[in-house]
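User: I would like a close look at one part of this protein, the place where two helices pack against each other. Please take it slowly, and then place it in its surroundings.

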Amino acid sequence: MLMAIAALVGAVAVGAAWVLLRLIALCTNLAYFGRVSFEDVVIANSPLGWWMVPVPVIGCLIIGLMARFGSEKIRGHGIPEAIEAILIGKSRISAKVAILKPLSSAVSIGTGGPFGAEGPIIMTGGAIGSLIAQTVHLSSVERKALLVAGAAAGMTSIFGTPLAAVLLAVELLLFEWKPRSFLPVVIAVAVAASARTLLLDPAPLFAYAGQMGPSLGNFLSWAAVGVISGLASGLLTAMVYGSEDLFQKLPIHWMWWPMIGGLVVGLGGLMEPAALGVGYDNIRHFLTGDLNFNASLMLLVVKAVIWAVALGSGTSGGVLAPLLIFGGAIGALLTPVLPSADTGFWSLLGMAAMMGGTMRSPLTATLFAIELTGDQHALLPLLVACTIAYATTVLLLKRSILTEKIARRGLHITREYQADPFEQSWVRDVMVKEPDAIDTSWTIGRTIDHFMSLEHRHKSYPVVDASKIVVGMVSRGDVLEWMSDSDGPDRESTLAQAIAPDLLLGRPDELVSHLADRMTASGIGRVPIVDAEGRLVGLVARKDLLSARARRTAEERDHARLLGPKAQP
């Protein structure tokens, strides 16, 4: 069922992507050329001159009003908002966001905002999946699968990168690896990739063919690009959130912040018009080697500043296309000091490494660059550069540009996947063997005396008969009830007559996760463990469940030193 609905989500996401691209083109033509047209144009060719400065200011004013009186969720670059909806919003996105997000992004980018269309379409595609899931009354986990499917389909629709979109879902959005979520994503992406050929150019967006054979020297050069891109990723992240911190200190409502960001964008565009808008033409220039050192440096500095300020001001737009331009500029600047390679090769490596390091998605960035250019021969260099950039940012920053925004809202997330220790441990590994038990022949009076004596150590005990068959549990609460209830059982009555036979039992060959789920559902903190005949063989308390995780922690800390004795946990 989810796969069938995901096919519909993928088809609708393609339409949404086409509409978004046309809206961006329309806004650009209206703002910079004064005409109604859906033709793709380059903002740098605008005849406005100095009048280009107020255009982003007006656009950002419109966005501020849309956010203030429409939905505040349209602020930002889309992916953190999608993650937040998945983790704390039960994968619910409103129809208002689905409409206002692409509109605000079209206005932002069309009036010169230095952003990409991928973040908005990821949010919009996710909203489409979420709305369809809400319409047919699916569960939260099913909504999440369709939300992510829509987001991945949207990315595929814009860039024509289905494999990278699937990996983006796995590395950034799903927070699990299960068939129920992976299969709908693949179906939606496949449908989007197929339907995209009907509305958009099916060829690679930035066709390129460059390669560099493996050698030790080349490997070190690839790694150097990764390190430098990783350091630049950290700097860009610091610039964005430093800008956001400055805006937080302003004594004005956040609705007006985008106007200030728009003014910076306008002034930057006056200095370097190529820094405005999505800038796909700049990516092509880097790959063809058309930009010299000075032009690359100017574009990098101006676009980085206006991008960081605009994003920190809370306007709407994506980060992926700007990251490609930053990385391409760094690669172009490094080309004179790196080994000789095909024209544009180092820019390609810089683009992918910048994306992999900043978004902490090295596999997505590697495949994204390959699908974006159609250049499969650059796989190894791309993988090395993206991985080293990722490693650099992991060591440099606590969180990525995507998760830092969420952390500032009070939500801690981690994207490090590992097997659940509860799913890898058996009850027999954590249970207390030969636990203390009480015989059914005990009287109520003797049981009360036992709980009141110094010998009493636990909150509850299993009750067993002569054959060690568990017939119930007796707890401190039972004792207190017997002591306070004058109409309760007589002190000479046996436990066999007083306790309720209905109880939760565990098995030694049961997974700890299954027992933990049953204990949580029933609200019981101590469970007798019995064999096939019902005889008591152990007991599991809540604290015993933690021993499975403690074992994992001990394994991670108990590592051998390179020299000297083994480290103690």
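Analyst: What follows starts with one pair of helices and then moves outward to the rest of the chain. The model is a predicted one.

Two packed helices are described by the angle between their axes and the distance between the axes. Here the two are helix H5, residues 118-135, and helix H6, residues 140-159. Their angle is about 145°, and the axes lie 7 Å apart. The crossing of H5 and H6 is right-handed.

Which residues make the contact? From H5 come Glu118, Ile121, Ile122, Gly125, Gly126, Gly129, Ser130, Ala133 and Gln134. H6 brings Arg143, Leu146, Leu147, Gly150, Ala151, Gly154, Met155, Ile158 and Phe159. Sorted by character, the residues of this contact are nine nonpolar, seven polar and two charged.

One of the H6 residues in the contact, Met155, leads further into the protein. Apart from neighbours within four places in sequence, Met155 touches Ile121, Ile122, Gly160, Thr161, Ala164, Ala165, Leu168, Leu320 and Phe368. Ile121 and Ile122 are among the H5 residues of the helix contact.

In soluble globular proteins, nonpolar side chains tend to be buried together. In this model the largest nonpolar core has 126 residues. Met155 is listed among those with the most contacts inside this core, along with Leu173, Val185, Trp307 and Phe368. Helix H1, residues 2-33, gives the most to the core, with 13 residues. A second core is separate and has 13 residues, including Val427, Met431, Val512 and Val540.

Further along the chain there is a sheet. It is open and has three strands in the order E2-E3-E4, with mixed pairing. E2 and E4 are the edge strands, each with a single partner, so one side of each has no neighbour in the sheet. E3 and E4 run antiparallel and are joined by five bridges. Within this region, tyrosine 461 stands opposite valine 474 of E4. Helix H19, residues 444-452, packs on the sheet and touches E2, E3 and E4. The direction of H19 makes about 50° with that of E4.

Two loops complete the picture. Glutamate 434 lies in the loop between strand E1 (432-433) and strand E2 (438-439). Its phi is near 50°, a positive value in a residue other than glycine. Glutamate 434 counts as exposed because its relative accessibility is 73%, and the cut-off for exposed is over 50%. Lysine 468 sits in the loop between strand E3 (460-464) and strand E4 (470-475). Lysine 468 is not a glycine either, yet its phi is positive, about 70°.

Technical notes
Residues numbered from 1 in each chain as written. Predicted model: local features only at pLDDT ≥ 70, side-chain atom pairs only at ≥ 80, totals over all residues. Heavy atoms only, no water. Helix = DSSP H or I, 4+ residues; strand = E, 2+ residues; numbered from the N terminus. Buried < 20%, exposed > 50% of the residue type's maximum accessible area, 1.4 Å probe, protein only. Axes fitted to C-alpha atoms, helices over the stretch in contact; angles between N-to-C directions. Left-handed = near helix turned anticlockwise from the far one by under 90°. Contact = heavy atoms within 4.5 Å. Nonpolar A, V, L, I, M, F, W, Y, C, P; charged D, E, K, R; others polar. Pairing = 2+ DSSP bridges. Core = buried A, V, L, I, M, F, W, Y, C linked by side-chain atoms within 4.5 Å.
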